[in-house]
Amino acid sequence: MTTTLPTLAAEPATTRPALVKRRGGVRGRNRRWVILFLAPWAVGMAVFFVYPLLATVYFSFTNYNGLDTADFVGLRNFVYLFTGDPVVRTAAYNTLWLVVVLTVLRVAFGLGVASVLARVTTGNSLLRTLCYLPSLVPPVAATLTFVFVFNPGTGPVNSVLGWFGIDGPLWFNDPSLSKPALTLLTLWGSGEIMIIILAAILDVPKDLYEAAQLDGAGPVMQFRKITLPTIAPVLLFGVVNSVIFALQYFTQAIVAGSVASGSADMVGNSQIMGYPNNSTLTFPVWLYQQGFRAYHMGYASAMAVVLFIVSFAFTAILIRQLRAGDSEEARS
Amino acid sequence: MTALLSEPPKVAPATAVPRRPRNKRQLLDWIAVHSVALAMGVIFTVPLVFVFLTSVMSDRQALTSNMWPTEWHFENFALVFEKAPMLTYLGNSLLYSVVATAGMLLSSVPAAYALARFRFRGSNAAFMLLIAAMMLPPQVVAVPLYSMWASAGLTGTLWPLIVPYLLGDAFSIFLLRQFFLTIPEDYLDAARIDGCNEFQILYRVLLPMTRPGIAAASLFTFLYTWNDYFGPLLYVGERQDSWPLSIALASFRGMHRATQWNLTMAATTLVLIPVLVLFLFAQKSFVRGITFTGVKG
């Protein structure tokens, strides 16, 4: 969108964004506004993003318990992380498991539900609301809901399975099923991705389908050749979003573990983290346990550096996509 | 796309079956699609129904695997308040969510305007920094921030979680920026010609035109803080009188050594209700906000 306003006085004609001088840089008067508008956020970024990020890197090379001064220990934390710590391997495996399974299933499930909802003609506002609603349930409440619904003693799921003569499994109390149960919990609350994909599907130009129909393409062909390519950027967003989501998977894991264990201890007690049998001990949970329960803050920082590098690699994909979208917008 | 949940789409996609199935094949298609959709709707809703039904059961019945309450004990909800100081927790949650949301608006709206509407040296870098901050797992920066707040003597309170919102929230800035970009520059230029300064343009021209964006950013910030568990666990986990509802709810079952689920489910229902009410009142803003965060193809 180019706005060609009649030039007032001797100022150069401006194109979008209107405040750019011909060779970049904001005009003096506007620089003051930019500085004023961005100042609070700039302070916030410096204090709550840039500083702690650098400090995390620094602490990762130290032995630090949060009280005494941090002693420089070189790479010792990283050496322990990659070769010594027997638990971190389990934690990294659990997080990797969640990253792969949650990402694939969240996007696939969101696409599946959205494809059905896009074809509903009767009662669609009610059905969309019902499918979206669980994603609003606060994570702690949602986790309690699932631990209850799947509890082996009195839970409705196993009761229903019982009607069919199936001996229901232990779900959150079974080390091999606790992560799948968390996956179900996550899918239940994946309404946001669903809505984003649904919006993208509804945005696909109708005439593309008509043209394809004339060419004799069936529904499967239409989905593969028209729907999928058109909504691909949204699916990519869903993938990156899910990866970052899974990398920081914390609340549901820690709450499910402690509530399912039935422990009388307060949540956050290190005894019950990862219940059952460390199967819900994710990388961030172990980071929290090491940093804030055991006060191995130097080691926790080393874990944080690893977490940052991995998550930033995926964020970079998103940034590239956003910038591509922006320049497209500017061109049109 | 603005009202995905509340209104039928204006343009039905071509793959959609026509409103009135014309022949047998289309009728079968219609039935198939709608039965699958209905089943999905039921599956998505049924866990919450179980939560509610269990929350009104008697202690005795809650120990059985019955699904339908034989007696309806609505006093369970009052009992939750007796078992735990829920009002204190509610107050803490409200303090966190309300102050953070208000602070977010004050600090993030101008920043979003500057990022959406001005090209300046470093504006690309600023945008990339914004995305990086938005996607940062909170655990990455927890250690230095905790040390920082501990030396300020503010651990044990919710202020370490609130103060950052007074200085701009990355996600909200991003969302508001997306909304601000949709307003054609002509409106702003017209205001400039009329002699408005940038502050006036932002508050008199842009904000009235982007109310759904403001609503969406406020809703998401409110919900994020209301639901936040990691932050409060970090700073007030050991200070029970500063707990927000999220921590209190997670600890409810363990702390009251409750083997039966009814009161825990009643507490869960109580935490759920405000969020669901908020949603019913602001469906449109929610959906618009969500679709605006998804990268548009």
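The legends below walk through close-up views of a predicted model with chains A and B.

**View 1. Two domains of chain A.** Let's start with how chain A is divided up: domain 1 covers residues 28–59, and domain 2 covers residues 86–331. Taken over C-alpha atoms, the centres of domain 1 of chain A and domain 2 of chain A are separated by 32 Å.

**View 2. The contact between chain A and chain B.** Here the two chains meet, with 117 residues of chain A and 98 residues of chain B taking part. On the side of chain A that touches chain B, helix α1 (residues 28–59) of chain A gives the most, with 18 residues. Sorted by character, the residues on this side of chain A comprise 81 nonpolar, 28 polar and 8 charged ones. Helix α1 of chain A has the bounds 28–59, and domain 1 of chain A is also given as 28–59.

**View 3. Helix α8 of chain A and its surroundings.** Helix α8 of chain A runs through residues 191–203, 13 residues in all. From its first C-alpha to its last it reaches 18 Å, close to the 18 Å expected at 1.5 Å a residue. Is this helix buried or exposed? Of the 13 residues of α8(A), 12 are buried, so the helix is largely enclosed by the rest of the structure. A residue counts as buried here if 20 or more other C-beta atoms lie within 10 Å of its own. If you would like to find them, the buried residues of α8(A) include A:G191, A:E192, A:I193 and A:M194 at one end of the list, and A:A199, A:A200, A:I201 and A:L202 at the other. What covers the buried residues of α8(A)? The cover includes α3 (86–119), α4 (124–132) and α10 (219–247) of chain A, and chain B joins in with α14 (283–293).

**View 4. Two annotated spans in chain A.** An unreviewed UniProt entry lists six spans of chain A as "transmembrane region": residues 33–54, 96–118, 130–150, 181–205, 226–250 and 297–319. Two of them are shown here. In residues 181–205 of chain A, the end C-alpha atoms lie 38 Å apart, and the span is 84% helix and 0% strand. For residues 226–250 of chain A, the end C-alpha atoms lie 38 Å apart, with 88% helix and 0% strand.

**View 5. Chain B, built from helices.** How many helices and strands are there in chain B? Chain B has 14 helices and 0 strands. Its radius of gyration is 24 Å, well over the 19 Å that the globule rule gives for 297 residues, so chain B is more spread out than a compact globule. Along its principal axes, the C-alpha trace of chain B spans about 75 × 75 × 30 Å. Buried residues account for 46% of the 297 residues in chain B. Counting contacts in chain B between residues at least 6 apart in sequence, 73% join residues at least 24 apart.

**View 6. The loop between α11 and α12 of chain A.** This loop, between α11 (251–261) and α12 (283–293) of chain A, holds A:P276. A cis peptide bond joins A:Y275 and A:P276, with omega at about -5°. A:N277 lies in this loop too, and has a positive phi of about 55° although it is not a glycine. A:N278, also in the loop, has a positive phi of about 60°, again without being a glycine. With 13 C-beta neighbours inside 10 Å, A:N277 counts as partly exposed. A:N278 is likewise partly exposed, with 18 other C-beta atoms within 10 Å.

Definitions and conventions: Residues numbered from 1 in each chain as written. Chains lettered and ligands numbered in written order. Predicted model: local features only at pLDDT ≥ 70, side-chain atom pairs only at ≥ 80, totals over all residues. Domains from an automatic or database assignment. Contact = placed C-beta atoms within 7 Å. Helix = DSSP H or I, 4+ residues; strand = E, 2+ residues; numbered from the N terminus. Nonpolar A, V, L, I, M, F, W, Y, C, P; charged D, E, K, R; others polar. Expected span 1.5 Å × (residues − 1). UniProt positions renumbered as here; feature names shortened; annotations may be inferred. Rg over C-alpha atoms; globule rule 2.2 N^0.38 Å.
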